[in-house]
Amino acid sequence: MRYTTLLIGFGIALFSFVKPANAQVKEVQLTVGDSLTLGPCTGENFEYAHVDILIKTRFPDSTATYNKETGEGFYKWYFTGDIDSRRLPCSFQRMKFRIAAIHNYPQPDGTTRTVVFGQFIDDATVLWIEINEAVKSGEVTAG
């Protein structure tokens, strides 16, 4: 059994992995620009359970940009226009992606939902990762 914690603040994520028996704890600090790897697929129907693929099909403002070093402005840049989305197929296992942005969404119950946006294939293709669940299930790993 794997236990995982995730702390997010100002674009920095800290993962702690604890494996069973006498395995060591591994902490990895992540920031925008770092790489993560897609682990084994845990969802049904040959799809990831906690990772969606988004493909932007219309860029209404071709001059719009965001800060690729900090992720600042990514959400506004990407989510203006039309987007197709679906669960990520298992055929993408073991592929790496770049962290484009990290967003925290306050929930009505007082918790925070953390989403990592992964730059994948090209600028129009992005991964929407429910990071807490994805790390717990092993769908996303460091490195």
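A residue counts as buried when its relative accessible area is under 20%, as exposed when that value is over 50%, and as partly exposed in between. The legends below use these words in that sense. The model shown is predicted.

**Figure 1. Overview of the predicted model.** The protein has two helices and 10 strands. Along the sequence these elements follow the pattern β-β-β-β-β-α-β-β-β-β-α-β. Of the 143 residues in the protein, 38% are buried. The accessible surface comes to about 8300 Å², and carbon and sulfur atoms account for 52% of that area. When contacts between residues at least 6 apart in sequence are taken, 59% of them join residues at least 24 apart.

**Figure 2. Phe117 and its two aromatic partners, Tyr75 and Trp128.** A search of the whole structure finds 16 aromatic pairs. In one of these pairs, Tyr75 and Phe117 meet edge-to-face, with 6.2 Å between ring centres and 65° between the planes. This pair links distant parts of the chain, since Tyr75 belongs to helix α1 (residues 74-78) and Phe117 to strand β8, 42 residues apart. The two rings can be compared by exposure: Tyr75 has 35% relative accessibility and is therefore partly exposed, whereas Phe117, at 0%, falls under the 20% limit and is therefore buried. Phe117 also forms an edge-to-face pair with Trp128, at 5.1 Å centre to centre and 90° between the planes. Because Phe117 lies in strand β8 and Trp128 in strand β9, this second pair ties together parts that are 11 residues apart in sequence. Phe117 and Trp128 are both buried.

**Figure 3. Surroundings of Tyr105 in strand β7.** Strand β7 spans residues 96-106 and includes Tyr105. With a relative accessible area of 21%, Tyr105 is not under the 20% limit for buried residues and so counts as partly exposed. Leaving out residues up to four places away in sequence, Tyr105 touches Tyr75, Thr111, Thr112, Arg113, Val115, Phe117 and Trp128. The C-alpha atom of Tyr105 is separated by 7.9 Å from that of Val115, 10 residues apart along the chain. Tyr105 is also a member of one aromatic cluster, together with Phe59, Tyr66, Phe74, Tyr75, Trp77, Tyr78, Phe79, Phe117 and Trp128.

**Figure 4. Lys56 over the rings of Trp77 and Tyr78.** The charged end of Lys56 sits over the ring of Trp77, at 5.7 Å from the ring centre. Lys56 also lies over the face of Tyr78, at 5.6 Å from the centre of that ring. Trp77 and Tyr78 both belong to the aromatic cluster that includes Tyr105 and Phe117.

**Figure 5. The largest nonpolar core, with 22 residues.** In soluble globular proteins, nonpolar side chains tend to be buried together. In this core, the residues that touch the most other members are Leu38, Val51, Leu88, Phe97, Leu127, Ile129 and Val140. Two or more residues of this core come from each of β4 (35-38), β5 (47-58), β7, β8 (112-120), β9 (122-130) and α2 (131-137). Apart from this core lies another, of 11 residues, which includes Phe74, Tyr78, Ala100 and Trp128. Val140, in the largest core, touches Leu36, Thr37, Leu38, Gly39, Val51, Phe97, Ile129, Ile131, Ala134 and Val135, with residues up to four places away in sequence not counted.

**Figure 6. Contacts of Thr37 in strand β4.** Thr37 has a relative accessible area of 12% and is therefore buried. Apart from neighbours within four places in sequence, Thr37 is in contact with Arg94, Met95, Lys96, Phe97, Glu139, Val140, Thr141 and Gly143. Two of these partners, Phe97 and Val140, are among the residues that touch the most other members of the largest nonpolar core.

**Figure 7. The disulfide between Cys41 and Cys90.** A disulfide is a covalent bond between the sulfur atoms of two cysteines. A search of the whole structure finds one. The disulfide joins Cys41 to Cys90, with an S to S distance of 2.0 Å. The angle about the S-S bond is -80°, and the link is left-handed. Distant parts of the chain are linked here: Cys41 is in the loop between β4 and β5, and Cys90 is in the loop between β6 (82-89) and β7, 49 residues apart. Cys90 counts as buried because its relative accessibility is 14%.

Technical notes
Residues are numbered from 1 along each chain as its sequence is written. This is a predicted model: local features need pLDDT of at least 70, side-chain atom pairs count only at pLDDT 80 or more; totals for chains, interfaces and linings use all residues. Side-chain values use heavy atoms; hydrogens and water are left out. Helices (H or I, at least four residues) and strands (E, at least two) are DSSP runs, numbered from the N terminus. Buried means under 20% relative accessible area, exposed over 50%, partly exposed in between (1.4 Å probe, protein chains only). Contact means heavy atoms within 4.5 Å. A nonpolar core is a set of buried Ala, Val, Leu, Ile, Met, Phe, Trp, Tyr and Cys residues joined through side-chain atoms within 4.5 Å. Rings of Phe, Tyr and Trp (its six-membered ring) pair if their centres lie within 6.5 Å; planes under 30 degrees apart count as stacked, over 60 as edge-to-face and the rest as tilted. A charge sits over a ring if NZ of Lys or CZ of Arg is within 6 Å of the ring centre and within 35 degrees of the ring normal. Accessible areas come from the Shrake-Rupley method with a 1.4 Å probe; for residues, only the protein chains shown count as cover. A disulfide is a pair of cysteine sulfur atoms within 2.5 Å.
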